[in-house]
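Please open the model in your viewer with the side chains switched on, and follow the selections below in the order in which they are given.

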Amino acid sequence: MTSGMLSWNTPLYIIAITQILTFSYSIMNQAANPTPTLRFGLEIELLLGPRKKGPSHSSWKSLAKDLSKRLAKAGIPNHVNDSNDKSAHNYREWSITQEVTIPSQPGKNLWGIELVSPVLSPLSTNFSPTLAIIFSLLHTHYTVFPSPHCSTHVHLSQSYPSPFTPFDLASLAKSCLYFEASLDRLFPSSRGEGYWCQSNRLNPALAGLILGECMSVIDGAYQDGDGVVEAMNLFPKESAYARAHGWKKDRVRGKVYKWDFTGMLSAPVNKGERQPRGTIEFRQPPGSVVAAEAEGYVILALAFTVGALAYGSSLRVETVGDSEHGGSMEELWALLVAGGSVLGWDSLGEVEGFFARVV
């Protein structure tokens, strides 16, 4: 997915070299278990309108059909998913859905859409060129409006040797909490302030706890994958949404948090056996208006996940202590480099640019 070489001589790398080696050893030390086979999907939210001298569209459906035809002509298989159906067949190619969280402006022919990728492998060789074609097409035929309502979401799943285990979920959850402050620095500050991208530590299971106590809550829940989901994505019954829907107690609702684990809630199948049924969603990245940025968010999410699956198990109340700072930028960089190395990448691509802007 990525190309070019990492900047091994940068001050950031020199500071983090010991941690990189430690993380790499920790990950490789899991050799008794096969390397996880991750899969990902990308959702790109956009506010599109007509170009000054181009055709305008009086409805979302008209715009979606026009975009679909242009994508197909460019060699990108796709379809319009009018009903936002989540069935597996809709993830075999790119799809176009209406994004209801982006306020459309019919009077100006501005429409909120979401481009949804097929399920892909981190080693996919056509992902980068496909993204480049998509964004080139968008900027050629439409006006792409930056909007604070737009987001770029990365969905993560694991297919081999098995779906994410409760232990995996706990390791990832603890890493998400431990590195939250450093991850925040890679994004606009507004991304942590919106309704649809709240800190997971604001949920009732973790609210008011220091970081070490949060680790203990996750450790106490990991025997049951659903327990980890609740610890990360509980939503308060006092909220306006809960009152409007008649909730009498806190319930799981993940799509308002930076990390949505609710796709991992188990469902009964095959004679009462239970297994995870969906994905983990990284919701923090803002809307993307260029291909390299969108790809960078995917690289970030995948490298972080691989690193976190190994490193998260070491995050306990004893190791975190009373610190509220969590993992430093150097630790985060080390984790990403180690994760990317396991995935076979020789570069972190645009992620290096994310760090360059803040370090």
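Select helix α7 (residues 225–233), where the buried residues are G225, D226, G227, V228, V229, A231, M232 and N233; buried here means under 20% relative accessible area, exposed over 50%, and partly exposed in between, with a 1.4 Å probe and protein chains only. Because eight of the nine residues of α7 are buried, this helix is largely enclosed by the rest of the structure. Helices (H or I, at least four residues) and strands (E, at least two) are DSSP runs numbered from the N terminus.

Before going further, note that this is a predicted model, in which local features need pLDDT of at least 70 and side-chain atom pairs count only at pLDDT 80 or more, whereas totals for chains, interfaces and linings use all residues. Residues are numbered from 1 along each chain as its sequence is written, and side-chain values use heavy atoms, with hydrogens and water left out.

Next, select P236, which lies in the loop between β7 (234–235) and α8 (240–244). P236 is partly exposed, at a relative accessible area of 21%, and it touches P204, A242, W247, D250 and Y257, leaving aside residues up to four places away in sequence; contact means heavy atoms within 4.5 Å. If you add A205 to the selection, you will find its C-alpha 9.4 Å from that of P236, although 31 residues separate the two in sequence.

Now turn to the nonpolar cores, each being a set of buried Ala, Val, Leu, Ile, Met, Phe, Trp, Tyr and Cys residues joined through side-chain atoms within 4.5 Å. The largest of them has 82 residues, and those with the most contacts inside it are L67, L115, L138, F261 and F304. Helix α9 (residues 291–311) gives the most to this core, with 14 residues. Centre the view on L138 and you will see that it touches L46, L48, L67, L115 and V144, again not counting residues up to four places away in sequence. Apart from the largest core lies another, of five residues, among them A242, W247, V256 and Y257.

Keep α9 in view and add helix α11 (residues 329–342). The two helices pack at an angle of about 95°, with their axes 7 Å apart; that makes α9 roughly perpendicular to α11, a description that applies to angles of 65 to 115 degrees, while those under 35 count as roughly parallel, those over 145 as roughly antiparallel and the rest as oblique. The axes are lines fitted to C-alpha atoms, for helices over the stretch in contact, and the angles run from 0 to 180 degrees between N-to-C directions. To display the interface, select L300, A303, F304, V306, G307, A308 and Y311 in α9, which meet E331, L332, L335, L336, G339, G340 and V342 in α11.

Move on to the charged pairs. A search of the whole structure finds seven salt bridges, a salt bridge being a side-chain nitrogen of Lys or Arg within 4 Å of a carboxyl oxygen of Asp or Glu. One to display joins D184 and K258, whose closest N and O atoms are 2.8 Å apart. Because D184 lies in helix α5 (residues 180–184) and K258 in the loop between β8 (251–252) and β9 (259–260), the pair ties together parts that are 74 residues apart in sequence. D184 is partly exposed, at 27% relative accessible area, whereas K258 is buried, at 4%.

For another salt bridge, select D66 and R70, whose side chains meet at 3.0 Å, N to O. Both residues lie in helix α2 (residues 60–73), four residues apart, about one turn of the helix. D66 counts as buried at 17% relative accessibility, and R70 as partly exposed at 25%.

The side chains of K237 and E238 also meet in a salt bridge, at 3.2 Å, N to O. Here K237 has a relative accessible area of 33% and is partly exposed, as is E238 at 49%.

Finally, select S151, in the loop between β5 (143–145) and β6 (152–160). S151 is buried, with a relative accessible area of 6%, and it touches E43, I44, E45, R191, P285, P286 and G287, with residues up to four places away in sequence not counted. The C-alpha atoms of S151 and C197 are separated by 9.4 Å, the two residues being 46 apart along the chain. C197 itself counts as buried at 2% relative accessibility.
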